[in-house]
Amino acid sequence: MEVDLAKPLASKFNFLAYTTITLIGLLGLSACGEKAKVETATFPKTKAECAATAVPDSYVVQWKDGTVSVTRGWTREEFENEIFEPYKDDIRWAEQDQFVRAAPTSAQVSTQTSPDDSWGQLKTSAATAWGRGVLGEGITVAVIDSGVDITHPQLRGQLAVNANEIPANGIDDDENGYIDDVHGWDFDEDQPVVSDSAGHGTHVAGIILAQHGTSAVQGIAPGAKLLPLDFMNAEGQGNIGDAILAIQYAADQGARVINASWGGAPCSQTLSRTIADLESRGVLFIAAAGNSGVDLEQLPEYPAAFVISNQITVGASTARDYTAGFSNYSYRLVHLFAPGASILSTYPGNRLASLSGTSMAAPFVAGAAALLMSANPGASPAQIRSALLDSVDPGAFAATTRGRLNIPRALDSLR
Ligand SMILES: [Ca+2]
Ligand SMILES: [Ca+2]
């Protein structure tokens with residue numbers, strides 16, 4: 001019964017890895033005669049303001065068991081008739097997939113460095129935490145981005161290892177749906193080799209946890225482990241469907257912090273549900289506010305503008321503690337500011353680069369969250385979030401806290 005139903009589905013659909021497993025599980029349930037609780041499945045029409053960023057013929061489905069799948073290559077009508085209607089008892093949400101992008105910034109590759117390059121670490125007093133021996137040990141941070149150059153000298157020793165997977169044997173040893181996923185996964189290319197053709201993810205990862213001692217770059221949480229998850233192409237564009245698969249993968253691999261330095265999709269219910277569902281698994285989601293220089297309440301983009309209790313949205317501040325001109329802001333939707341202008345960090349090809357953007361501000365907070373979690377492993381995402389927000393250096397920023405990240409004060413606030 002399971003096999004008969006699953007086979008034609010598996011062959012008809014262009015599902016990603018998790019999906020076949022999901023369908024078999026669901027069919028197994030109904031074969032046992034169990035009825036799902038009544039919760040009406042919805043598949044909203046794509047709103048006019050979401051049309052420009054919609055991925056053609058791609059749909060994201062969140063099933064009632066919490067898993068998400070992505071179907072590609074079907075028209076809306078085909079999707080509705082072949083998937084949504086037949087399986088709507090098992091579906092929570094379905095919606096059209098959306099493009100997102102890495103917040104655009106200009107990159108300046110640095111050949112020389114100066115003491116000013118560490119202004120963000122100085123401003124947030126990161127060294128005070130390091131001096132107390134708080135380095136982020138035991139915490140895995142997922143960087144869901146354009147990939148990471150995992151051969152960079154300041155990053156290659158920082159990688160999380162999927163111990164249940166034997167590398168390069170062509171076998172999915174831990175049966176999680178991903179073959180040879182030892183150091184992360186490339187959801188854009190569906191392969192285990194994570195690299196970074198855009199440079200963005202490598203820079204973000206370095207801000208969070210670059211090893212100290214070999215250059216001017218000092219990661220905020222150098223004891224934390226990096227889970228690099230690539231869902232963008234070389235132009236820094238990805239889609240929500242792959243981002244959701246990456247978010248679930250991160251949680252399954254034990255990541256406690258997820259950094260999301262991207263956005264732009266004006267619509268996605270599935271994404272917000274996926275993030276909120278991770279609070280019970282101890283995961284904190286850090287989102288960049290976006291680089292349009294606008295009030296997020298007037299021009300919302302997501303995930304930045306979600307109101308979710310295990311999410312923190314971060315704006316970018318300058319070395320003089322002003323709001324960076326490009327940074328989005330909002331007294332209701334942005335929580336705090338962090339350094340995000342002329343930030344030196346790791347760059348592909350054993351280089352360093354200075355980048356500006358809220359993409360650079362979010363990883364300061366992601367690194368700080370990893371420090372707080374390592375100092376107090378039992379703290380819930382809500383406690384970590386409160387500690388980070390209650391302890392800001394007061395300022396005139398358009399954010400719920402009005403302030404800018406201060407790492408040792410956040411540590412004190414947690415105690
Ligand atoms: Ca695997
Ligand atoms: Ca393997």
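## Exercises on a predicted model

**Exercise 1.** In this predicted model, what share of the protein's contacts with a separation of 6 or more is accounted for by residues 24 or more positions apart?

*Solution.* Taking the contacts in the protein with a separation of 6 or more, we find that 75% of them join residues 24 or more positions apart. As for the elements of the fold, the protein has 11 helices and 15 strands, and buried residues make up 53% of its 415 residues.

**Exercise 2.** Find out where pLDDT stays under 50, and set this beside the mean for the protein.

*Solution.* The mean pLDDT of the protein is 88, with 89% of the residues reaching 70 or more. Over residues 1-37, however, pLDDT stays under 50, and for this stretch the model has 40 contacts beyond four places in sequence.

**Exercise 3.** Determine how many residues of helix α6 are buried.

*Solution.* Helix α6 spans residues 200-209, and 10 of its 10 residues are buried, which leaves the helix mostly covered. Among these buried residues are His-200, His-203, Ile-207 and Leu-209.

**Exercise 4.** Describe how helix α9 packs against helix α10.

*Solution.* We begin with the geometry: α9 (residues 358-375) and α10 (residues 381-390) pack at an angle of about 120 degrees, and their axes are 10 Å apart. Because of this angle, α9 is oblique to α10, and α9 passes α10 in a right-handed crossing. Turning to the residues, Val-365, Ala-368, Ala-369, Leu-372 and Met-373 in α9 meet Ile-384, Ala-387 and Leu-388 in α10. The residues of this contact divide into 8 nonpolar, no polar and no charged.

Definitions and conventions: Residues numbered from 1 in each chain as written. Chains lettered and ligands numbered in written order. Predicted model: local features only at pLDDT ≥ 70, side-chain atom pairs only at ≥ 80, totals over all residues. pLDDT = per-residue confidence, 0-100. Contact = placed C-beta atoms within 7 Å. Helix = DSSP H or I, 4+ residues; strand = E, 2+ residues; numbered from the N terminus. Buried ≥ 20, exposed ≤ 12 C-beta atoms within 10 Å, placed from the backbone. Axes fitted to C-alpha atoms, helices over the stretch in contact; angles between N-to-C directions. Parallel < 35°, antiparallel > 145°, perpendicular 65-115°, else oblique. Left-handed = near helix turned anticlockwise from the far one by under 90°. Nonpolar A, V, L, I, M, F, W, Y, C, P; charged D, E, K, R; others polar.
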